[in-house]
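User: I am new to this structure and would like a close look at one part of it. Could you walk me through a single strand and its surroundings, and then show me how that part sits in the whole?

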Amino acid sequence: MPLSDYEDLFVGARLWGLELEPRYRVLAVTLELTEAAHPRDGVEDRRVQLLVHPVSTILASLRSVGEEGRRLHTFEDSQLVDVAAAVGGAEVTSPLFGRPEPRPGTWGPQFSLEGRSTAPDGTRHTLTIVVRTDDLELDLFARFDVMELKDPHGADLLA
C-alpha cells in the first residue's frame, strides 16, 4: 500500500517526540492522533510511534521567530529530543509523505541539522514533519525505506 494512503491517520496529529538512532538509522516520531483518525476505536492513549528506517538523509531547520525576525538554531541529532520538547504538542502539517527534498536555502540560509548516509538503501520514501508554535518553526525531512506504526505498548497498528 502506498504511504500516501496513510495520510488521513496523521491529519491533525500533534508532535510529542523525535529521536534518531544513528547506529541503526531509525527515526522515531511520537505523535498523538486525533480520536477520529486513530485506527482503533475507543483508545484512551492516542499516542503512536512512527518509525522510519533505514534513514539515508535527515535534514532539519529550527527557527525562532521574534521581533528581530527569524533566527536559525543549529543542533545535533542527539538534541532532537530537546527540539521536539520545545515544540511539543504542535500540530503537524500534512502531507507527511512524498514531499521532495528541500533545496539549500529553502528553510533558511543553512540547515540546522544535516546527515547523509553513504549506504545505498534508505531512499524509497520521504517524510516531512512541519510544525509551528507562536515562536518556533521546525521543518524536518527524512529519506527512508520502511515505515512502522506502533501503539504505546509496541503493538503494530498497520498489521
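Analyst: Happy to help; here is a tour that starts at strand β2, moves out to its sheet, and ends with the aromatic pairs and the whole chain.

Please keep in mind that this is a predicted model. Strand β2 covers residues 26–32. Is this strand mostly covered or mostly open? It is mostly covered, since five of its seven residues are buried.

Now look at the partners of β2. On one side is strand β1, residues 14–21, and the two pair in the antiparallel sense over seven bridges. β1 and β2 also form a hairpin, with four residues between them. Within that turn you will find Arg-25, which has a positive phi of about 60°. The other partner is strand β3, residues 47–53, which pairs with β2 over six bridges, again in the antiparallel sense.

A good residue to click on is Thr-30 in β2. Which residues does Thr-30 face as bridge partners? In β1 it is Gly-17, and in β3 it is Gln-49. You can therefore follow the bridges from Gly-17 to Thr-30 and on from Thr-30 to Gln-49, with antiparallel pairing defined by DSSP bridges. A second bridge to β3 is easy to find as well: Ala-28 has Leu-51 as its partner there.

Let us step back to the sheet. β2 belongs to an open sheet of four strands, in the order β1-β2-β3-β9, with antiparallel pairing. The edges are β1 and β9, the latter spanning residues 146–150, and each of these edge strands pairs on one side only. On average, neighbouring strands in this sheet are turned by 15° against each other, direction ignored.

Next come the aromatic rings. A pair of aromatic rings is described by the distance of the centres and the angle of the planes. The count here comes to two aromatic pairs. In one of them, the rings of Phe-10 and Phe-97 have centres 5.9 Å apart and planes at 70°; an angle over 60° counts as edge-to-face, so this pair is edge-to-face. Phe-10 lies in helix α1 (residues 7–10), while Phe-97 lies in the loop between α2 (80–86) and β6 (113–116), so the pair ties together parts that are 87 residues apart in sequence. Are these two rings' residues buried or exposed? Phe-10 has a relative accessibility of 1% and counts as buried, and Phe-97, at 8%, counts as buried too.

The other pair is Trp-107 with Phe-111. Their ring centres are 6.1 Å apart and their planes stand at 80°, so this pair is also edge-to-face. Trp-107 is buried, with a relative accessible area of 12%, and Phe-111 counts as buried at 12% relative accessibility.

Finally, here is the whole protein around these parts. It has two helices and nine strands, which run α-β-β-β-β-β-α-β-β-β-β from the N terminus on. Its radius of gyration is 15 Å, close to the 15 Å that the globule rule gives for 159 residues, so the protein is as compact as a globular protein of that length. The C-alpha trace spans about 45 × 40 × 25 Å along its principal axes. Of the 159 residues, 46% count as buried. The protein exposes about 8,600 Å², of which carbon and sulfur atoms supply 46%.

Conventions:
Residues numbered from 1 in each chain as written. Predicted model: local features only at pLDDT ≥ 70, side-chain atom pairs only at ≥ 80, totals over all residues. Heavy atoms only, no water. Buried < 20%, exposed > 50% of the residue type's maximum accessible area, 1.4 Å probe, protein only. Phe/Tyr/Trp six-rings, centres within 6.5 Å; stacked < 30°, edge-to-face > 60°. Axes fitted to C-alpha atoms, helices over the stretch in contact; angles between N-to-C directions. Rg over C-alpha atoms; globule rule 2.2 N^0.38 Å. Areas by Shrake-Rupley, 256 points an atom, 1.4 Å probe, with all protein chains shown as cover.
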